[in-house]
Amino acid sequence: MSQTLFTNATLACVAGGSGFGLHDNFALLVEDDRIAWLGPMAVCPETADREIIDCENRLLTPGLIDCHTHLVYGGDRADEFEQRLEGASYAEIAAAGGGIVSTVKATRVASADQLFEQALPRVRQLMSEGVTTLEIKSGYGLDCDNEIKMLRVAGRLEAELGLRVQKTFLGAHSLPPEFDGRSDDYISLVCEEMLPRAHAEGLVDAVDVFIESVAFSVAQGERVLARARELELPVKAHVEQLSDQGGAVMAAAHGALSVDHLEYLDSDDVASLAQAGTVAVLLPGAFYFLRERQLPPIAALREQRVPIALASDANPGSSPVHSLLLIMNMACTLFRLTPAEALRGVTLNAARALGLADEIGSLETDKQADIVIWDVDRPSLLSYRVGMNPCVAVMQAGQWRDRNRLVIA
Ligand code: NIG
Ligand code: FE
């Protein structure tokens, strides 16, 4: 058995309740891949033969979790960024054949190796800020082979980079051009061929759908989620990003793990998320990058105690953002979340959004030892500073993944 003891640490445990779950002068013991014990320094257990890390009052948090990304794709959309700055809207660009469909073209022509190479620096950037779990969606292939190609690349990133990757099938992200005018037929292909095949290859941890005027209707989204449930796969949905279509209520009725975006969610509909135990995933990077004005119904989410998660939504069109620390800052400045809500949003509540809260997301005994050491003395500093990366070491499942910046006295 291998043991590591962290001493003189400030822990932000993010366990039950609200707030940071802050403990000064604590120790934490890792045995193999698990957190075995944590408590005050004064009662720290004595055992020989273990590595001791004196944290010198630095902050320890759970590994960060980015629960919504589209990180695997070909090309970029910097030209559309310029068009939008000249006044075109995201929806207008999509309607004119740009948007998601232009990334689909670039993704289809890219080989799996090319997609992997292009995704590498994006994932490494997130990892450098303490990300230990990452969700990656398909959705830029939009046919069987290309969706499977994307999901395999996501699996290879997990295998080669040593972080946990959850793979989400998003075949119903946008209508591929060859199905123009036949969106119901495309949904049939998604339900009858694409999803079952990807699932049979073991490539699907959850199923997502984009319900929006520029994408699919609530009825079409419901067909996909119902099919996923027949296959006993967890579901989630992109909803109410640009308009209120009623997708969140439908997804919650299907027991969705999360509904994501939510700027146009009606406060009266928040109760259905609370009832279903569905997590609200907010994506301030897309809100910022698309220069949106309409805020998600934060007060109602708090009032109804809906868990709020945050994610980068890293993608080439609406959120080319590769920093969860920046996302935490944006959630505070743009959505007025507290720094404690922001940290919960990228740890425990993000774990819930992935259905992994029994395993990761907090510093508690028996959870997997995914731990970040930060060179700060209190957790609000993580949301407060912009453009600084105080991450000094990352342990993933009890193994040091990166401790290059950890200076041990
Ligand atoms: O989450 N909303 C839909 N999907 C992505 C955007 C993808 C794109 O524009 O390429 C999102 O914002
Ligand atoms: Fe998204």
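How many Å apart do the C-alpha centres of domain 1 and domain 2 lie? I began with this question, keeping in mind that the model is predicted, and I found a separation of 30 Å between the two centres.

**Entry 1, domains.** I looked up the domain assignment, which gives domain 1 as 3-62 + 362-402 and domain 2 as 64-353. For the contact between these domains I noted 30 residues from domain 1 and 23 residues from domain 2.

**Entry 2, the chain as a whole.** I noted 15 helices and 16 strands in the chain. The C-alpha atoms fill a box of roughly 70 × 45 × 45 Å along the principal axes. I then compared the radius of gyration, 21 Å, with the value near 22 Å that a compact globule of 409 residues would have, and the two agree. Of the 409 residues, 58% count as buried, and the accessible surface comes to about 15,600 Å², with 48% of this area belonging to carbon and sulfur atoms. I also looked at contacts between residues at least 6 apart in sequence, and 71% of these join residues at least 24 apart.

**Entry 3, nonpolar cores.** Which residues have the most contacts inside the largest nonpolar core? I found L157, F169, L343 and W374 in this role, in a core of 102 residues. Domain 1 and domain 2 both give residues to this core, so it lies between them. I followed L343 further and, leaving aside its neighbours within four places in sequence, I found L343 in contact with A12, V14, F20, T61, L64, M328, P379 and L382. There is also a second, separate core of 20 residues, and V30, I53, I373 and M395 are included in it.

**Entry 4, the iron site.** Which residues coordinate the iron ion (ligand 2)? I listed H68, H70 and H238, each through NE2, together with D313 through OD, at 2.1 to 2.5 Å. Along the chain, these donors follow the spacing H-x1-H-x167-H-x74-D. I placed H70 in the loop between β6 (64-66) and α1 (78-85), and D313 in the loop between β13 (308-310) and α12 (324-335), so this pair ties together parts that are 243 residues apart in sequence. I checked the burial of H70 and D313 as well, and both are buried.

**Entry 5, H322.** I turned next to H322, which is found in the loop between β13 and α12, and asked whether this residue is buried or exposed. H322 has a relative accessible area of 19% and is therefore buried, although I note that the cut-off for this class is under 20%. Setting aside neighbours within four places in sequence, I recorded contacts from H322 to L71, Y73, R122, Q125, L126 and A314.

**Entry 6, positive phi.** I looked for backbone angles worth a note, given that most residues other than glycine have a negative phi. E232 is not a glycine, yet has a positive phi of about 60°; I located E232 in the loop between α7 (218-230) and β10 (236-239), and E232 counts as exposed at 73% relative accessibility. R305, likewise not a glycine, has a positive phi of about 55°. I found R305 in the loop between α11 (298-303) and β13, where R305 counts as exposed at 75% relative accessibility.

Notes
Residues are numbered from 1 along each chain as its sequence is written. Chains are lettered from A and ligands numbered from 1 in the order in which they are written. This is a predicted model: local features need pLDDT of at least 70, side-chain atom pairs count only at pLDDT 80 or more; totals for chains, interfaces and linings use all residues. Side-chain values use heavy atoms; hydrogens and water are left out. Donors are N, O and S atoms within 2.8 Å of the metal (3.2 Å for Na, K and Ca); water is not among the atoms, so sites may look incomplete. Helices (H or I, at least four residues) and strands (E, at least two) are DSSP runs, numbered from the N terminus. Buried means under 20% relative accessible area, exposed over 50%, partly exposed in between (1.4 Å probe, protein chains only). A nonpolar core is a set of buried Ala, Val, Leu, Ile, Met, Phe, Trp, Tyr and Cys residues joined through side-chain atoms within 4.5 Å. Domain bounds come from an automatic or database domain assignment. Contact means heavy atoms within 4.5 Å. The radius of gyration is taken over C-alpha atoms; the globule rule is 2.2 Å times the number of residues to the power 0.38. Accessible areas come from the Shrake-Rupley method with a 1.4 Å probe; for residues, only the protein chains shown count as cover.
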